[in-house]
Protein chains: 2
Amino acid sequence: MASTPANTFAGNYLDRRAEARDAVDWAREARGDSGTLFVVSAGLEQLVLAEPAPDVVFLSAEHPLVHALDDGSLTLLGWFRGARCVLASVQAEAIEAARAALPATARLSELRPLAAQLPEDSAGLLAYARALSYWRSRHQYCGVCGSPTIATRAGHVLHCTNDSCGADFFPRIDPAIIVLVTDASGERALLGRQAVWPPGRYSTIAGFVEPGESLEDGVAREVFEETGVRVASVRYQSSQPWPFPSSLMLGFQAVAASHEIAHIDGELEDAQWFTREQIAAGTPMLPPSASISYRLIETWFNAGSAIPLESQPNVGRWTTPRG
Amino acid sequence: MASTPANTFAGNYLDRRAEARDAVDWAREARGDSGTLFVVSAGLEQLVLAEPAPDVVFLSAEHPLVHALDDGSLTLLGWFRGARCVLASVQAEAIEAARAALPATARLSELRPLAAQLPEDSAGLLAYARALSYWRSRHQYCGVCGSPTIATRAGHVLHCTNDSCGADFFPRIDPAIIVLVTDASGERALLGRQAVWPPGRYSTIAGFVEPGESLEDGVAREVFEETGVRVASVRYQSSQPWPFPSSLMLGFQAVAASHEIAHIDGELEDAQWFTREQIAAGTPMLPPSASISYRLIETWFNAGSAIPLESQPNVGRWTTPRG
């Protein structure tokens, strides 16, 4: 994929082998294979090793935490580092109860603050696991008739147990556009900030795509809604899975047709045009480097600067992951 | 949006004014405005005028079909051709009962077979209406706890009525990649066919993006899963809302790194490499021109042909919309 930069969480780290989901006895096979790697989720947190270097905790089928689970709490993720890999969704209390059988530094953690410290493939794997955990929690009952659902297709379809309904629910992804808008000269970038962010933090314009619009329609609508600026041209750059809880970030660069920041909608507290000089001097502070927002800003910055953004000594960066 | 061709259903035909959804009395205002345009959906069909030229049937607030509805069956779409526009979701039987108060040629119809005959803005409006109708039907009950939901934010959020749960459900879009793969020379295109299609019909490779993968990851995975071909580079082309029932088609062009069609997965019956000469001669038959699939094939074809695809006399085209 030489045409796109590697965004955090992106990458075919996992061989998903979708056809393996159709095997009726997939869970028995997974439990019978001593090489199967079980990844553990509790709610939106995952079991990780905190030290020496953060990584995923992989359990075997014989581990008491996995052994006690029914098959309906398992989801086949695919093959990771050559081994079959299965998501085990447990209650947080079960982890405490199994504490003695776990590595001493194992703990439940949210993915986002760990993302930059994890091996790339582990971060990608946990992004997938987190997205599926959240999705399963949101479809425990059928939205059409209210009956309970059961997991089928190795956990990738939630099926309504009411025979007269029988609706199937599939994993959900919410496409969101994120866009670096420049002025016609390319010298200034349009960044906005939310009121809940610490002072000085700005980021690119973003928002969810709505039904009935293309990505390009969504870019134009969001930029106008949030800032009153009209865009003249829109160019796709790259994409990033962003399972917080279920987004797919679709990164664009756009050139403005109008430059007046005519209004700010309720989502933003402020929006401004910033030059490279301002950014190099440390104001505004930029989002963390694991985000596609940073990548979009960096691409624009580096196209017009002899010293790349990464090597600028005074650039301000968020010290905590983006909210 | 000069950078992307206009795909059917794409285009900012509607001023959505998302902030208007927050007005608590939006439905009263809409009913009190004699200019409000009500679009009628029953299930996945919409009320259209069949003759003289197909178009949407717009009803006023006073029309008995609209008057009888409770506000919970309404969704604010936005402003269309300058007028406030509201989706009214009714039972098909209600339309029959109100037959005398409707234009003689009004009928319920699926959008897809009509798309090419509708005015562009009407097609875009109905694509949006259809997507929201389907989404609402799938979240009548809370997926977290099974309680009934109610419509809030002018029909754009379905809210769980169980106070101890209170989950909110937002409109859903399923991103799908669709890709025209060429060989390294650019002279041949990889097209596949499903067993249920009439003989001779082929189309581009497509499939849903999965959680935890970028669009580019999804392209590489789908092409390999369906044909065994590895892609070397992937380039985004354009996107298209495709509410059948809830897709967003993300069109790519890719260059193959390997050319052997090593296997065909269960989704396809056949996949082959085709030259421009074969396509110009009428084999395979191509998908309808309203689809992004056709657009992707056309872009590749025209880049290497003195006579554009549209002017080729013998090109085979599907006579019915794509299944």
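The following paragraphs describe the overall build of chain A and the aromatic ring pairs of the predicted model.

In chain A, the secondary structure consists of seven helices together with 19 strands. The radius of gyration of this chain is 22 Å, which is close to the 20 Å given by the globule rule for 323 residues, and chain A is therefore as compact as a globular protein of that length. The C-alpha trace of chain A extends over about 60 × 50 × 35 Å when taken along its principal axes. Of the 323 residues in chain A, 56% are buried, and among the contacts in this chain with a separation of 6 or more, 66% are between residues that lie 24 or more positions apart.

The surface exposed by chain A amounts to about 12,700 Å², of which carbon and sulfur atoms supply 53%. Chain A carries 25 positive and 37 negative charges, and the mean positions of these two sets are 2 Å apart.

Aromatic rings were examined next. A pair of aromatic rings is described by the distance of the centres and the angle of the planes. Over all chains, the count comes to 17 aromatic pairs. One of the pairs is formed by A:F9 and A:F244, with 5.9 Å from centre to centre and 55° between the planes, an arrangement that is tilted. This pair links distant parts of the chain, since A:F9 belongs to the segment before β1 (14-15) of chain A, whereas A:F244 lies in the loop between β15 (231-242) and β16 (247-256) of chain A, 235 residues apart. Both A:F9 and A:F244 are buried.

A further pair is found in chain B, where the ring centres of B:F58 and B:F80 are 5.9 Å apart and the planes stand at 40°, so that this pair, too, is tilted. Here again distant parts of the chain are linked, with B:F58 in strand β5 (residues 58-59) of chain B and B:F80 in strand β6 (residues 74-80) of chain B, 22 residues apart. The two residues of this pair are not alike in their accessibility: B:F58 counts as partly exposed because its relative accessibility is 25%, while B:F80, with a relative accessible area of 0%, is buried.

Ring pairs also join residues of both chains, in that A:Y236, A:F252, B:Y236 and B:F252 are linked by such pairs into a cluster.

Terms used. Residues are numbered from 1 along each chain as its sequence is written. Chains are lettered from A and ligands numbered from 1 in the order in which they are written. This is a predicted model: local features need pLDDT of at least 70, side-chain atom pairs count only at pLDDT 80 or more; totals for chains, interfaces and linings use all residues. Side-chain values use heavy atoms; hydrogens and water are left out. Helices (H or I, at least four residues) and strands (E, at least two) are DSSP runs, numbered from the N terminus. The radius of gyration is taken over C-alpha atoms; the globule rule is 2.2 Å times the number of residues to the power 0.38. Buried means under 20% relative accessible area, exposed over 50%, partly exposed in between (1.4 Å probe, protein chains only). Contact means heavy atoms within 4.5 Å. Accessible areas come from the Shrake-Rupley method with a 1.4 Å probe; for residues, only the protein chains shown count as cover. Lys and Arg count as positive and Asp and Glu as negative; His and the chain ends are not counted. The place of a charge is taken as NZ of Lys, CZ of Arg, CG of Asp or CD of Glu. Rings of Phe, Tyr and Trp (its six-membered ring) pair if their centres lie within 6.5 Å; planes under 30 degrees apart count as stacked, over 60 as edge-to-face and the rest as tilted.
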